[in-house]
Amino acid sequence: FAIFAPMRHVDLRRGNTSQMWLTGSEAAYIFPNDDGIAVVAWISPRENLDACRGRALEALTGRIRSLPDAPQLRNAEPIDQVLTVKDYPNLWRPPMVRGMALVGDAAMSIDYLWGVGCGWALQSAELLSDIIDAAAAKQGIGLDAALRRYQRQHTWTFAGHRFLINDFANRLSLNAIERLMFSAAVKDVRMAHHLACFVARIDGPMKFLAPAALLQAIWVNLCQPVASPDGTRSHIAPSA
């Protein structure tokens, strides 16, 4: 389940940069937006839901305050209804059905933890538009052929991400590769950029998990200290 609240006067710790915490079974976010508004979110296993009933805002702010380097929300004020999402199944369909091309949530409605909804809606719409436009510019390429190409391209672009997101949604902890890559990203700026390109869906899983990237992550975890937010090195020794 998840609790979301848009708030003003959040004591941001990273300027206008979003913050994210992954504890294994839980995730939390601070998303700064325009006009002094920040979205505060906490996602937790269903067994914790009963303790939050009737006190969603209190549960949300209490959990955020307990996280390392997190806003303490002392002056934060909700500006709208606090939203509790109790159940959200992963659903997907073939991107082409009965001659209709599906984009966005019509094709895939996937775990909101990774924030893929709007991004995938725009990406898939752009993909469809480009393919139809290219087909219209060429003689002899009909709509059915263009839609089949869209189906292939859609599958190639999104299926790997969908598999990993669906797999994560069925677990309450990070697997060994996830721990390796996330821990390397907080210790090395290059690995942080590598992770950012993957979670922004610029790079696919094959590039993200390429052998060279995995070896780099192993080396970083063994040898590198933790990088500070400005990209300089801190003096924190790597944990055992």
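How many of the 7 residues of strand β4 are buried? The first point below gives the count.

1. **Strand β4.** This is a predicted model. Strand β4 spans residues 37-43. Of its 7 residues, 6 are buried, so the rest of the structure largely encloses this strand. Buried here means under 20% relative accessible area.

2. **Partners of β4.** Strand β4 pairs with β1 and also with β3. Strand β1 covers residues 2-8 and is joined to β4 by 7 bridges. These two strands run antiparallel. One pair to look up is A2, whose bridge partner in β4 is I43. Strand β3 covers residues 27-32. It too runs antiparallel to β4, with 6 bridges between them. Here Y29 stands opposite A41 of β4.

3. **The β3-β4 hairpin.** Strands β3 and β4 form a hairpin with 4 residues between the strands. Within this hairpin, D35 takes a positive phi near 60 degrees. Most residues other than glycine have a negative phi. The backbone at D35 therefore deserves a look when you view this hairpin, given its positive phi.

4. **H9.** A positive phi also turns up at H9, again near 60 degrees, and this residue is not glycine. H9 sits in the loop between β1 and β2, where β2 is residues 19-22. Is H9 buried, exposed or partly exposed? Its relative accessibility is 48%, so H9 counts as partly exposed. The cut-off for exposed is over 50%.

5. **R201.** R201 is another residue other than glycine with a positive phi, near 60 degrees. Its loop runs between α5 (189-199) and α6 (205-208). R201 counts as buried because its relative accessibility is 16%. H9, by contrast, is partly exposed.

6. **F208.** Helix α6 holds F208. This residue is buried, with a relative accessible area of 7%. F208 and V186 are 22 residues apart along the chain. Their C-alpha atoms are separated by 16 Å.

7. **Positive patch.** Which residues form a positive patch on the surface? They are K138, R148, R149 and R152. R148 lies in helix α3, which spans residues 143-169. R148 is partly exposed, at 43% relative accessible area. Patch residues need over 30%, so R148 clears that cut-off.

8. **Nonpolar patch.** L215, I218 and L222 make a nonpolar patch on the surface. Together they have about 330 Å² of accessible area. L215 belongs to helix α7, residues 211-223. Its relative accessibility is 59%, so L215 counts as exposed. Compare F208 in helix α6, which is buried.

9. **Whole chain.** The protein chain contains 7 helices and 10 strands. Of its 240 residues, 35% are buried. Its C-alpha atoms fill a box of roughly 65 × 45 × 35 Å along the principal axes.

10. **Where to look.** Begin with β4, where 6 of 7 residues are buried. Then view the backbone at D35, H9 and R201, each with a positive phi near 60 degrees. Finish on the surface, with the positive patch that includes R148 and the nonpolar patch that includes L215.

Terms used
Residues numbered from 1 in each chain as written. Predicted model: local features only at pLDDT ≥ 70, side-chain atom pairs only at ≥ 80, totals over all residues. Heavy atoms only, no water. Patch = residues over 30% accessible without salt bridge, like charges linked within 9 Å, V, L, I, M, F, W, Y side chains within 5 Å. Areas by Shrake-Rupley, 256 points an atom, 1.4 Å probe, with all protein chains shown as cover. Salt bridge = Lys/Arg side-chain N within 4 Å of Asp/Glu carboxyl O. Lys, Arg positive; Asp, Glu negative; His and termini not counted. Charge placed at Lys NZ, Arg CZ, Asp CG, Glu CD. Buried < 20%, exposed > 50% of the residue type's maximum accessible area, 1.4 Å probe, protein only. Pairing = 2+ DSSP bridges.
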